[in-house]
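Work through the three exercises below with the structure in view. Try each task before reading its solution.

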Amino acid sequence: MNKRKIENSGSVGVVEEKRFSFDDFTLESGEKLNSVIIVYETYGLLNNDKSNAILILHALSGDAHAAGTHQGEDNLGWWDSMIGPGKAFDTNKYFIICSNVLGGCKGSTGPSSINPKTNKPYALDFPLITIEDIVNAQKKLIDHLGIEKLLTVVGGSMGGMQALSWLVRYPERIHSAIPIATAIKHSPQQIAFNEVGRQAIMADPHWKEGNYYGGPHPVKGLAVARMIGHITYMSDTSMAEKFGRQKKSDAQPFKFTADFEVEGYLRYRGDSFVKRFDANSYLYITKAMDNFDASEGKPLQDVLEGVKAKVLVIAFKSDWLYPAYQSKEIAKACKLSGLEATYCEVNSTYGHDAFLLEVEEETHLILHFLKKVTSEYEVTKGHGK
Amino acid sequence: MVNRNIRPDHKAILGLVKSGSYVLDLGCGEGDLLSLLVKEKAVKGQGIEIDEQAIYKCVAKGLNVFHGDIDTGLSEYKDKAFDYVILNQSLQQLRHVNTVLSDALRVGKKVIVGFPNFAYYKARLQIFFLGKTPMTGSLPYQWYETPNLHFLSIADFINYCRKNKLNIEQAKFVGNKFRILFSPNLFAQVGIFLISK
């Protein structure tokens, strides 16, 4: 598309983490969590009739910190390029919410949280969770904020799964959904990559059936899991462009040090990931993704019959982890059920990572889509009065 | 209120579509026709387009569009899902005309087809006197850069409908600026047909 400059776009500045807690949360499995904490951040202002709220849904390794910076730190939120004044999710217009998923390790209740029954971390006593559980916890937060209907729910990858789950489960609570680079359900290939990651963690001697809290963590295993992840997030082209066969240096002290740039990169990515992520959370969340089926075995179009929400589906050409055909299936189900939907396959070479990187294309699509959703919403609202 | 700057073929199609109907535009391009139909006829519209840049333009116009290939994009729709399926200036670029047309007639109650007339007299003159592949207002491409795969005339299409037992409910013939009423296969640059099965 035209390399149009995104003007007047700024940062949301310094942001704060907020906490929302509730008791007696029953999971899809029937198991119960006595108390749950969900950590979230918000950007922009909620308007008087609470009609301008957007819920951002993060991917596997993401967290509630989607935009801006925390006091005294300088790392930007994971989707800062998309959220802020004048950006796709314009904080001058919209009230943006992003929460850390249930089962996560960035403040929300997960396997590394303290089990009130034992006063020790849950570890594997934490019940298996599903994407639906994650979404149900988000719905509690939205109820708590007094928001009856979200303008949109949006996310890439696992975030897109949550968006689909909102669309299927709570269509009356959303005006629209934007699933990006995602799938109705995982293919065997996607499950396979997740399983290799899990096996790497569980093969680490420090994992100890999940009871590593207080001792050394299974950092080697988790780092390998992350390395595999990063390979699947990139494309052949993007790797070739980024690294080529570039060597780090000529002299090597050891036969199997990281000779090539790509090796160094993967090691660096793995090592930095273990500092911010919990291995058990990785197991629980990847399992939730693998078990996810948006329409629970039925054709998605049957489940979407009668749903009024508008849908924007975005895929990326070089994404081989969540190939475009999976997004097309979502779009096709929308078509068949008579939903108003738009599908775009962005010509990107970034692979799965594109959903974080193709800012210009996504901005254009989302900006106009939201404009349309908002305008039609105001029309219906006007009629109701 | 009809704008003066509307393309003559769009104007003709506007006259064929009933208000408030459900329309699928195959090969909707940048969405000019579809947004015109939404504005003037309050249709519920859906477009299919293969070109990514055109998709961005459609989205900016607030249209619902699918990025994809017409040749494969129709089979999933239910029978009679649309009041009209429009193939304007895209029929001649399809690989599988028969399949797409019969699918269009299945998913649409009616089909509107618009195409450049290869038998337009200026095209005939260029072939006859210059011995060159003709270039006209509706066929503006050099032979080496044309996206068109099929070169058909208004007479060809009428024959096609007859042979395949398709009803021609209405036909409009468009010249440079005006509607053509006399000997369209010779004088019209574009033929627009409303057909049904």
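**Exercise 1.** Place A:Pro179 in its strand, then decide whether A:Pro179 is buried or exposed.

*Solution.* This is a predicted model. Start with the place: A:Pro179 sits in strand 12 of chain A, residues 176–180. Next, count neighbours. A:Pro179 has 33 other C-beta atoms within 10 Å. The cut-off for buried is 20 or more. So A:Pro179 is buried. Now list the contacts, leaving out residues up to four places away in sequence: A:Pro179 touches A:Gly160, A:Ala163, A:Leu164, A:Val313 and A:Ile330. Finally, compare sequence and space. A:Met161 is 18 residues from A:Pro179 in sequence, and their C-alpha atoms are 7.1 Å apart.

**Exercise 2.** Find how helix 3 and helix 4 of chain A pack.

*Solution.* Take the angle first. Helix 3 (residues 188–203) and helix 4 (residues 219–233) of chain A pack at about 160 degrees, and their axes are 7 Å apart. Angles over 145 degrees count as roughly antiparallel, so helix 3 of chain A is roughly antiparallel to helix 4 of chain A. The crossing of these two helices is right-handed. Among the residues in contact are A:Phe193 and A:Val196 of helix 3 and A:Leu222 and A:Ile228 of helix 4. Sort the contact by class: ten residues are nonpolar, four are polar and none is charged.

**Exercise 3.** How many residues does each chain give to the contact between chain A and chain B?

*Solution.* Chain A gives 17 residues and chain B gives 14. On the chain A side, helix 9 (324–336), strand 14 (341–346) and helix 11 (359–384) each supply at least two residues. By class, the chain A side has eight nonpolar, four polar and five charged residues.

Technical notes
Residues numbered from 1 in each chain as written. Chains lettered and ligands numbered in written order. Predicted model: local features only at pLDDT ≥ 70, side-chain atom pairs only at ≥ 80, totals over all residues. Axes fitted to C-alpha atoms, helices over the stretch in contact; angles between N-to-C directions. Helix = DSSP H or I, 4+ residues; strand = E, 2+ residues; numbered from the N terminus. Parallel < 35°, antiparallel > 145°, perpendicular 65-115°, else oblique. Left-handed = near helix turned anticlockwise from the far one by under 90°. Contact = placed C-beta atoms within 7 Å. Nonpolar A, V, L, I, M, F, W, Y, C, P; charged D, E, K, R; others polar. Buried ≥ 20, exposed ≤ 12 C-beta atoms within 10 Å, placed from the backbone.
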